[in-house]
Amino acid sequence: MIANVIFTVLFLGGFGFFFIQIFKIRANILLGRELDRSGDAASRWRTMILVALGQKKMFTRPIPALLHLTLYVAFVITQIELIEIIVDGISGNHRFFAPTLGSFYTFIISFIEVLSVLALIGTIAFLARRNLLKLPRLTMKELAGWPKKDANLILIMEVVLVSFIFTMNGADEALLNLSSNQSNGFLISQYVGPLFFGSVKNPETLHLLEQIGWWGHFTMVLVFLNYLPFSKHLHILFAFPNTYYSNLNPKGQFTNMEAVTAEVKLMMDPTADPYAQPASDEAPQRFGAKDVTDLTWKNLMDAYSCTECGRCTSSCPANITGKLLSPRKIMMDTRDRLTELGNGIRKNGKDFSDGKSLLGDYISEEEIWACTSCNACVQECPVNIDPLSIIVDLRRYLVMEESKMPTELTGMLTNIENNGAPWQFSQNDRLNWANED
Amino acid sequence: MALQVPTMAEMMAKGETPDILFWVGCSGSFDDRAKKITKAIVKILNHCNVKFAVLGAEESCTGDPAKRAGNEFTFQMQAMMNIQVLNGYEVKRIVTGCPHCFNTLKNEYPELGGSYEVIHHTQLIQDLINTGKLQLEGGSTYKGKKITFHDPCYLGRANDVYEAPRMLIEKLDAELVEMKRCKTNGLCCGAGGAQMFKEAEKGNKEINIERTEEAVETTAEIIATGCPFCNTMMTDGVKTVEKEASVKVLDIAELIANAAEL
């Protein structure tokens, strides 16, 4: 009885705390500017199913893709068992669905066991890749400290989780062997059980071990769930909305700034009244982005969806050639700054300012000017994150609000404005080539 | 034969409407190397009797480098002036000699009131070959030669055009050899995003050298491109790695014009 109460409290508390964190993240994302990503639901669902559920873009690198797939499928399918854990936990039953489902139950649990073994193999391979093979994209300097620990912690939690599953099913199997000479018939634990626990001849010890496995598994699920909102691992949830709200336009199409369109139309309209009152009293929005609140909500959702895999950075021509720019760092900086600002706003009210900003305190001008806008990072991202649009908005702020840019670009822009070409040639000479040899 | 390059103004004066506008672009108009590409495109258009026209002195920068550099004002000023001219001539179809112009006209002008069917010159040439207007008979110029294609970012990833240039290389009877990073994985030449007009940030290598080395590794005799900026970057790269005697950098339009002996 007490166990049922403890379980229910843990269950409600664990999920409750998780939802509170998710709502905080949602509030943070909504600090971003508006952007219309509605419409064309069919394409959006298709993108989400292919890219998030089907992990289409992962498979450009087949080996990590397969390892990742084992973890992912195990993670998703194992949650079926969570239903039984919750029912058992609240009602005090043991394997509630076993009698009604019969052999189908044996199949499901066996399937989960097989996936768990595969996930364990995947996890160990990932740990080795990160810590022994030292893959370049997994050992870059932006991962020093917390991000590296975060990655390892998740993998270790996964190992612990799988260990608990087999402690639970294995001890249960050994207990059944001992008490009635019968077997649960689960594909892996019917061997693992006797192997690890066969020497234990005390039914009470076995029952205790089974309980440790059961409670351990459930507790780890809650720990994992509540760790997600503080971790890069949030991508397992955010991959879905993030791909649903993908940019469906061609990658080369940069957003049109409507505020500028209004100004330019006014400038080009000979009948415009230069002394007219502005249409509304609202303070004009900043051009481009200096801080995270100047970015769109999708940019901010992107930041929370990033799992720091570094495929973007490893394909970035600037990064490959030793420049400071790393698209992954752009996303990590955006998320870290947003978390900082969001916490400040929740504590001190919506006019909170700490005098810091994304541009300057997190991302330097040198980084954003190194970008060639080649879209390799956008192409590579397995969950359709767009670091380029953040870079462009930061450039827009620098150029249009602060007139700060590399000097050569000032010349280029002046040339375009004066003679309609980025170089100093007269517009009247544009057709000279036709008469030259 | 002298090039026939009618302007929109001349056509209009004669009461004619061209089927397509050839958007030459700033590089194609002013850069000595790129002008050769422009002429190659015109030779093909002339040879196939395509009824086209250029804007000549009425053409102005699309605003692409301004937009990539973050100056939306300059971009939109350029765009709106160009749209006034294009709409004034009731232009419906545009072919560009540059993927940057192509991307900007195709994707970024519609929201400012300029909607046209925009194609890249490799797509137009592909169409001319498919419809039989252009025939590469005895195309022995490049027969069996190894050619690698460098994907321009604003043609490939930005607009998903990967096949047209490759199909044209195959039409040359040449051997298309791909670089390790090609198509969606293609590596930028280093000129995009207004980098063409500035020095690179501090690093340990120039991007065009990284890319040129990869191209040279394929042992191709010709690096084909479809972009005047890429052409500049790769040509410089080939010079830097001292391969100009054995490796040529040519635009697809030049390859086709040469093969067709135009």
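How many residues of domain 1 of chain B are in contact with how many residues of domain 2 of chain B? It's 25 from domain 1 and 27 from domain 2, where contact means that the C-beta atoms, placed from the backbone, lie within 7 Å. Before going on, note that this is a predicted model, where local features need pLDDT of at least 70, side-chain atom pairs count only at pLDDT 80 or more, and totals for chains, interfaces and linings use all residues. Residues are numbered from 1 along each chain as its sequence is written, while chains are lettered from A and ligands numbered from 1 in the order in which they are written.

**The two domains of chain B**
- Domain 1 covers 8-127 and domain 2 covers 136-259; such bounds come from an automatic or database domain assignment.
- Their centres, taken over C-alpha atoms, are 23 Å apart.
- On the side of domain 1 of chain B that touches domain 2 of chain B, helix 3 of chain B gives the most, with eight residues. (Helices are DSSP runs of H or I with at least four residues, strands are runs of E with at least two, and both are numbered from the N terminus.)
- That side of domain 1 has 11 nonpolar, nine polar and five charged residues. (Ala, Val, Leu, Ile, Met, Phe, Trp, Tyr, Cys and Pro count as nonpolar, Asp, Glu, Lys and Arg as charged, and the others, Gly among them, as polar.)

**Where the chains meet**
- Chain B puts 58 residues in contact with 53 residues of chain A.
- Helix 5 of chain B supplies the largest share of chain B's side, seven residues.

**A sheet in chain B**
- Four strands line up in the order 6-5-7-8 as an open sheet with parallel pairing; strands pair if DSSP finds at least two bridges between them.
- Strand 6 (175-176) and strand 8 (248-251) of chain B are at the edges with a single partner strand each, so one side of each has no neighbour in the sheet.
- Helix 11 (residues 252-259) of chain B lies across strand 7 and strand 8 of chain B, at about 90 degrees to strand 8. (Angles run from 0 to 180 degrees between N-to-C directions, and axes are lines fitted to C-alpha atoms, for helices over the stretch in contact.)

**A helix pair in chain A**
- Helix 9 (residues 235-244) and helix 11 (residues 297-305) of chain A pack at about 150 degrees, with axes 8 Å apart.
- Helix 9 and helix 11 of chain A are therefore roughly antiparallel, the label for angles over 145 degrees.
- Among the residues that meet here are A:Phe238 and A:Ala239 in helix 9 of chain A, and A:Met301 and A:Tyr304 in helix 11 of chain A.

Note on methods
Parallel < 35°, antiparallel > 145°, perpendicular 65-115°, else oblique. Contact = placed C-beta atoms within 7 Å.
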